[in-house]
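I set out here what I looked up in this structure, entry by entry. The strands come first, and the side chains follow.

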Amino acid sequence: MAGAPIVVHRPSPSGGRRVTVHTGGRDEILGTAYSDHDLTVFLEAAGVVDPDGVLDDARWVEWRDGRPHQWSAA
């Protein structure tokens, strides 16, 4: 695998961050998260067994163009 399978993209100007998961050779959009809770709900729905436990694990989650856990507009 080239990188983490879950990507939390840069904060949007209106707040929130798009979340994608790489599976089956393609990226799937899980939704837009506005909080850690939103993100864990998306990850749980995607089948991640311990979603809270992987948020700060770079093998699982890549936080792009913003600080981890930053949800407001940049």
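Entry 1, the hairpin. I note at the outset that the model is predicted. I looked at strands β2 and β3 and found that they form a hairpin with two residues between them. In the turn, I read a positive phi of about 60 degrees for Gly24. I then checked how the strands pair: β2 covers residues 17–23, β3 covers residues 26–33, and the two run antiparallel. Seven bridges join β2 to β3. As one example of a partner, I looked up Arg18, which is bridged to Thr32 in β3.

Entry 2, Gln70. I located Gln70 in the segment after β4, the strand of residues 61–63. Is Gln70 buried or exposed? I record Gln70 as buried, because its relative accessibility is 14% and the cut-off for buried is under 20%. I next searched for polar partners of the Gln70 side chain and found that one of its polar atoms lies 3.1 Å from the backbone nitrogen of Arg67. Leaving aside residues up to four places away in sequence, I found Gln70 touching Pro11 and Arg17.

Entry 3, aromatic rings. How many aromatic pairs does the count give? I obtained one aromatic pair. Trp63 and Trp71 form this pair, with 5.6 Å from centre to centre. I read 70 degrees between the planes of Trp63 and Trp71, and the arrangement is edge-to-face. I also looked up the burial of the two residues: both Trp63 and Trp71 are buried.

How values were computed: Residues are numbered from 1 along each chain as its sequence is written. This is a predicted model: local features need pLDDT of at least 70, side-chain atom pairs count only at pLDDT 80 or more; totals for chains, interfaces and linings use all residues. Side-chain values use heavy atoms; hydrogens and water are left out. Rings of Phe, Tyr and Trp (its six-membered ring) pair if their centres lie within 6.5 Å; planes under 30 degrees apart count as stacked, over 60 as edge-to-face and the rest as tilted. Buried means under 20% relative accessible area, exposed over 50%, partly exposed in between (1.4 Å probe, protein chains only). Helices (H or I, at least four residues) and strands (E, at least two) are DSSP runs, numbered from the N terminus. A polar contact is a pair of N or O atoms within 3.5 Å; within protein, one must be able to donate a hydrogen and the other to accept it, and residues adjacent in sequence count only if both atoms are side-chain atoms. Contact means heavy atoms within 4.5 Å. Two strands pair if DSSP finds at least two bridges between them.
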